[in-house]
Amino acid sequence: MNGSPQRLYIGGEWTEPAAGHYEVTDPATEETVGLAPEASRAQVYEAATAARDAFASWSRTRPEERAAILDRAAGLMQRDLAAHAAVAQAESGATTATARGMQVAVGAARFRRYAKGALEPAEEAVAPQINEAGPMGRAGIFGALAVRQPVGVVTCITSYNNPWANPAGKIAPALAMGNTVVVKPAPQDPLSVYRMAAALAEAGVPAGVVNVVGGAAPGVGEAAVDAPDVDMVSFTGSTAVGQRIAEVCGRSMKRQLMELGGKGAALVFDDADLDSAVAGIGTTFSFYSGQICTAPTRVLVQRGVHDALIDRLARYAGHLKVGDPAVKGTVVGPVISAAHRDRVESYVELGRKEGARVVTGGDRPDPTGTGFYVAPTLLADCTPEMRVVREEIFGPVVAVVPFDDEEEGIALANDSDYGLIDYVWSGDVARAFRVARRLRAGGVGVNTVGRNMEAPFGGFKRSGVGRDVGSYALHAYSELQAIVWPG
């Protein structure tokens, strides 16, 4: 798959990177997928300036024009789906079905969604107000409009677990609202994002509206945040990095949208459909090999079904085929890198030392082979204070903690620094919704891990700031302006 070294995309031009290139590694084979560009700080600033220069005209384009470009881009992405999916699979380690259906196809679908989103009303009438005469003027009836205006230049810093859907979920709504963007892809799998930029260029996006400046050095991301021309930062990644970005943004009052870490609690009550619960919790083992912030990694199970759930989860994990994601039938592919595999394995070993029982997994699937694989691992006999219960592992590892009654289950679920998505499994729907309302999380799945892609997405506590997805993403990439007049 090695082709010509990738170039940066700045101001509508494919530009040689000032700091050279670095190798992108296939996590399944450990072979080089391609050479990604390493931008300099000056080039990142140049990209932000290009976005600033393009903002004045792009923000004033007719919504229909923006919609047409986004829709054309979606069609071009879909046209080349097979080729895009091959690159995404090679650089991210996703299975074939995931690379095609959940990465490229979802990325294209998000551009289609926000082509429609560009046409959503940006003005909302406010109820008239009757004002008495006073220091502010004569008595009168005052009308008002709340108008959504674009923020300006948005830096989009994307995560490695989905190099299509995650960037599309930032770029498409930002453009739909009339913003311009500087995209800093995850260093592990950036090649897909440059393909997205190529589709946008072919679709007719004006020069400077979209800029992509990647690199493996920390200075690239730092420049994308502190560039004076940047008005907002949209970031998906770890809470620790998000906190550092927020500190920089705070110095110049840059707007932020942060989708950070998670340690999703799955409350399983003794009247739950255990097969449904196992299928949902089991996605931690299989979907992106657990490299997803919404995963139900912290299982809180009522004692009456504790042993039965552990037995079923162990059998479920045992049936999952681990291996080359390009091979038909593979369910669990590699994690993104050797360093991340070592991190996940260190957490499993920590769990053992803390007193957890490794029910299944815990060993490298093939310690002599190539690829960064981690076996689906189930930890039982866990207690709430263990680090494997409290900290985000970001791998195919599930920790199980028992509870006695509803109040204890809710308390355990809320005893976390995180609050992205929690889950409740119960045959009593009234109880499930009652419990859901008391969970301190941005989202709650009731008897499902499925998502409604028009519902707001984001976290409480250290899981993030702000909400996106659906029309909420359009709101996230806009500022509210009030226009008031006398009637």
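In the predicted model, Arg431 is buried, with a relative accessible area of 12%. The side chain of Arg431 meets that of Asp271 in a salt bridge, with an N to O distance of 3.0 Å. Asp271 lies in the loop between β12 (265-268) and α9 (274-281), whereas Arg431 belongs to helix α15 (residues 429-438), so the pair ties together parts of the chain that are 160 residues apart in sequence. In contrast to its buried partner, Asp271 counts as partly exposed, at 31% relative accessibility.

A search of the whole structure finds 24 salt bridges. One of these pairs Arg112 with Asp71, the closest N and O atoms being 2.9 Å apart. This contact links distant parts of the chain, since Arg112 is located in helix α4 (residues 96-117) and Asp71 in helix α2 (residues 63-79), 41 residues apart. Arg112 is partly exposed, with a relative accessible area of 36%, and Asp71 is likewise partly exposed, at 35%.

A further salt bridge joins Glu479 and Arg255, with the closest N and O atoms 2.9 Å apart. Here the linked elements are two strands: Glu479 lies in β20 (residues 478-486) and Arg255 in β11 (residues 255-259), a separation of 224 residues. Glu479 is partly exposed at 29% relative accessibility, as is Arg255 at 37%.

Beyond these pairs, Arg341, Asp342, Glu345 and Arg364 are joined into one network by salt bridges that share partners.

Definitions and conventions
Residues are numbered from 1 along each chain as its sequence is written. This is a predicted model: local features need pLDDT of at least 70, side-chain atom pairs count only at pLDDT 80 or more; totals for chains, interfaces and linings use all residues. Side-chain values use heavy atoms; hydrogens and water are left out. A salt bridge is a side-chain nitrogen of Lys or Arg within 4 Å of a carboxyl oxygen of Asp or Glu. Helices (H or I, at least four residues) and strands (E, at least two) are DSSP runs, numbered from the N terminus. Buried means under 20% relative accessible area, exposed over 50%, partly exposed in between (1.4 Å probe, protein chains only).
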